[in-house]
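Dear colleague,

I am handing over the structure we spoke about, and you will find it just below. After it I have set out what was found, beginning with the overall layout and ending with the charged pairs.

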Amino acid sequence: VRANFAVENERTYIMQNVCALASDSDVVVRKSAFECLVKIAEVYYDCLDMYMNVIYQLTIQAIKQDEEVVALQAIEFWSTIAEEELSLEVEVRIRSRAVGKAFCLESLRLAGWHRDSSADLRSGKEKRVGRF
């Protein structure tokens, strides 16, 4: 499936069929379709943008009007989206801090500051080298 999701027209074909099944007359099929959407959100979150309007309509309808087992899966879809968003936000913050720290260390190195490898390192003292 991963190779199929990498190709837009194949991904669209899969999504059209899963979304169509989310409106099927059989409650078991609808529940399974929403379970598929949950799994797709977990694994292929970054591919969902172009399908979100349709998914939104399907999930709202299921939450408001469908059997509880289907509605719960529709809610689980949005819970999964929220988890993915949170995970991305945390990742961005971690990368931002790492980049910020690397930038600061590189700036200090370029300015001629470093930790001496001798006793100053053990004491935590900074030692400036260079012209000043």
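Read from the start of the sequence to its end, the protein chain follows the pattern α-α-α-α-α-β-α-β, which amounts to six helices and two strands. Please keep in mind throughout that this is a predicted model. The average pLDDT of the protein chain is 83, and 70% of the residues score at least 70. Residues 128-132 call for particular care, since their pLDDT is below 50, and beyond near neighbours in sequence this stretch has five contacts in the model. Where pLDDT is low, the predicted coordinates should not be read in detail.

Some totals for the chain may help before the details. Of the 132 residues in the protein chain, 25% are buried, and the chain exposes about 9500 Å², of which carbon and sulfur atoms supply 56%. Among the contacts in the protein chain with a separation of 6 or more, 53% are between residues 24 or more positions apart.

Turning to the interior, the largest nonpolar core has 24 residues, and those with the most contacts inside it are M15, F34, L48, I55 and F77. Four helices, α2 (8-21), α3 (27-44), α4 (52-65) and α5 (68-110), each supply at least two residues of this core, and α3 gives the most to it, with seven residues. A useful place to begin looking is I55, which touches M15, C19, L37, L48 and F77 when residues up to four places away in sequence are not counted.

The cysteines deserve a brief word as well. C19, one of the residues that I55 touches, has a relative accessibility of 10% and therefore counts as buried, the cut-off being under 20%. C47, at 18% relative accessibility, also falls under that cut-off and so counts as buried. A search of the whole structure finds zero disulfides.

The last topic is the charged side chains. Side chains of opposite charge can pair when their charged atoms come close, and a search of the whole structure finds three salt bridges. In one of them the side chains of D66 and R30 meet, with 2.7 Å from N to O. Because D66 lies in the loop between α4 and α5 while R30 lies in helix α3, this pair ties together parts that are 36 residues apart in sequence. As for their surroundings, D66 is partly exposed, with a relative accessible area of 22%, whereas R30 counts as buried at 11% relative accessibility.

Another salt bridge is formed by K31 with E35, whose closest N and O atoms are 2.6 Å apart. Both of these residues lie in helix α3, four residues apart, which is about one turn of the helix. K31 counts as partly exposed at 29% relative accessibility, and E35 likewise counts as partly exposed, at 32%.

There is also a salt bridge in which the side chains of K39 and E42 meet, at 3.3 Å from N to O. K39 and E42 both lie in helix α3 too, three residues apart, or about one turn of the helix, and E42 is partly exposed, with a relative accessible area of 37%.

With best regards

Note on methods
Residues are numbered from 1 along each chain as its sequence is written. This is a predicted model: local features need pLDDT of at least 70, side-chain atom pairs count only at pLDDT 80 or more; totals for chains, interfaces and linings use all residues. Side-chain values use heavy atoms; hydrogens and water are left out. pLDDT is the predictor's confidence in each residue, from 0 to 100. Contact means heavy atoms within 4.5 Å. A nonpolar core is a set of buried Ala, Val, Leu, Ile, Met, Phe, Trp, Tyr and Cys residues joined through side-chain atoms within 4.5 Å. Buried means under 20% relative accessible area, exposed over 50%, partly exposed in between (1.4 Å probe, protein chains only). A disulfide is a pair of cysteine sulfur atoms within 2.5 Å. Accessible areas come from the Shrake-Rupley method with a 1.4 Å probe; for residues, only the protein chains shown count as cover. A salt bridge is a side-chain nitrogen of Lys or Arg within 4 Å of a carboxyl oxygen of Asp or Glu.
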